[in-house]
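Subject: Structure for your review

Dear colleague,

Please find the structure below, together with its sequence. My notes on what was found in it follow directly after.

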Amino acid sequence: MTAAIPAGLIREPRFLCVGERVLDRAMDPLDFLTCVGDERAFYFERPADGVSIAAAGVVPGIEEPDRGQEPAGLRVGGFAFDRSRAPDGQWSGFPDASWSVPRVALLNRDGESVLRVAATADEGGGARVEAGLDEVVRRLGRPTSAPESEGVAHYQMEALGSVAHWKAAVEATLADIAAGRLSKLVLARAARITADVPWRRFRIARRLRAAHPGATVFAVTFGTRTLVGATPERLARLDDRRLTTAAVAGTAPPAPIGGEEDRAFLADQKERREHAVVVDELQRRLAPLTTDLVVPEAPAILTTPALRHLHTPISAELRAGRGLLDVCGELHPSPAVCGLPVDFAKEALREREQIDRGWYAGGIGWLDEGDGEVVVPLRAALLDGRVATLYAGAGIVEGSRWEAELEETRLKMRVMQAALLEL
């Protein structure tokens with residue numbers, strides 16, 4: 001199962017030992033999690049790039065990384081949309097933020113699969129790591145005992161919130177915009193699908209991966225609950241001090257690439273205003289943290305199987321002494337998921353939304369040796385036994401109509417509906 005490469009032990013802060021082995025064949029990260037996944041599972045993959053991380057378990061007693069002092073070694077996790085808000089029962093088990101060292105991990109890049117196992121010195125250090133690598137390799141060689149072929153026979157779907165409430169929330173937001181209190185607000189709503197058998201988290205992730213190769217597919221499990229989805233939006237990526245992010249705002253139904261519908265979408269003044277707010281704010285927030293900021297003059301169209309978005313890629317060089325979590329702290333919550341001005345927008349969302357966002361529209365990602373990536377978990381559902389809660393939002397700006405914004409949330413939810421119901 002593995003190449004004849006000994007485990008390499010790396011000393012890290014707080015006496016953490018990490019061992020690695022290169023597998024003799026590339027392994028599917030979801031197959032890996034089916035074999036080793038537990039109550040703390042993590043999956044992160046952009047199929048078009050051929051890069052993925054799958055991880056399970058937690059090494060106890062390791063401190064959370066601080067901004068600007070991100071430690072060596074792999075950390076996986078994320079954070080809630082509004083960390084000041086206590087989660088409701090639906091999000092029980094999800095902390096406001098978590099960046100843990102996984103017990104076991106599989107890293108895929110350039111066609112190579114690397115297995116990692118970590119342990120503290122108090123747990124046995126190098127000996128524990130060597131034994132852990134051997135045990136994981138044995139488990140990977142066994143057929144899984146959990147078949148992924150069972151589907152859902154019956155289900156019931158309901159909106160969590162009325163159309164009348166949505167209309168009132170949009171109209172109140174438009175009044176704030178007209179009065180100059182807001183320039184944009186992203187209102188979210190939710191729906192619930194209840195099935196007659198428990199949802200299979202990795203089966204759903206497989207369907208999302210097949211249907212959305214250009215998106216980042218993710219699944220994060222705490223206890224009995226899993227947040228799973230396929231997001232088009234990156235919060236920040238750091239690769240050898242080069243930072244990349246993007247403004248993704250403005251939405252339209254799918255259409256032939258390069259056709260009249262695309263030209264009309266690019267010329268739509270309401271969509272351009274919504275997009276420009278995000279671009280301008282990202283530039284403002286990044287300026288103190290970066291140099292050599294590169295921003296295209298006009299957006300392009302990001303086309304997914306379900307929707308089209310206006311998209312402006314942004315790149316810059318990160319200043320010395322800054323890390324990925326510093327960038328996330330500055331960029332979140334972005335105008336693409338919250339609004340402007342931020343403080344007024346967050347208060348408006350607490351008053352007008354009938355949901356607890358939890359980690360939806362927060363951040364999910366990884367850190368490793370100074371590099372890393374955090375995406376915004378959109379096009380997502382929270383799975384809990386037989387219940388799946390779907391989330392979607394729409395940006396309200398001058399010129400928005402509540403009916404059109406409601407339809408936009410329905411279009412966005414169809415990404416998860418198709419994966420859940422195997423449409």
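The side chains of Arg225 and Asp384 form a salt bridge, with a distance of 3.2 Å from N to O. This contact links distant parts of the chain, since Arg225 belongs to strand E12 (residues 225-231) and Asp384 to strand E21 (residues 380-384), 159 residues apart. Arg225 has a relative accessible area of 16% and is therefore buried, the limit for that class being under 20%. Asp384, in contrast, is partly exposed, at 29%. Please bear in mind throughout that this is a predicted model.

Salt bridges that share partners also build one network, made up of Arg46, Asp49, Arg234, Arg237, Asp239 and Glu373. Within this group, one salt bridge joins the side chains of Arg46 and Asp49, at 3.1 Å from N to O. Are these two partners buried or exposed? Arg46 counts as buried because its relative accessibility is 14%. Asp49 is partly exposed, with a relative accessible area of 46%.

A further salt bridge is found within a helix. The side chains of Arg138 and Glu135 meet there at 3.0 Å, again given from N to O. Where do these two residues lie? Both are part of helix H2 (residues 125-140), and they are three residues apart, which is about one turn of the helix. Arg138 is partly exposed, its relative accessible area being 46%. Glu135 is also partly exposed, with a relative accessibility of 29%.

These pairs are examples from a longer list: a search of the whole structure finds 37 salt bridges.

I would also draw your attention to a pair of strands. Strand E5 (residues 75-79) pairs with strand E6 in the antiparallel sense, over four bridges. As a point of reference between the two strands, Phe79 stands opposite Ala97 in E6. Which way do the residues of strand E6 (residues 97-100) point? Ala97 and Trp99 point one way, while Ser98 and Ser100 point the other way. All of these residues in E6 are buried, on either side of the strand.

When you view the model, I suggest starting with Arg225 and Asp384, the pair that links strands E12 and E21. The salt bridge between Arg138 and Glu135 may then be viewed along helix H2, followed by the pairing of strands E5 and E6.

Yours sincerely,
A colleague

Definitions and conventions: Residues numbered from 1 in each chain as written. Predicted model: local features only at pLDDT ≥ 70, side-chain atom pairs only at ≥ 80, totals over all residues. Heavy atoms only, no water. Salt bridge = Lys/Arg side-chain N within 4 Å of Asp/Glu carboxyl O. Buried < 20%, exposed > 50% of the residue type's maximum accessible area, 1.4 Å probe, protein only. Pairing = 2+ DSSP bridges.
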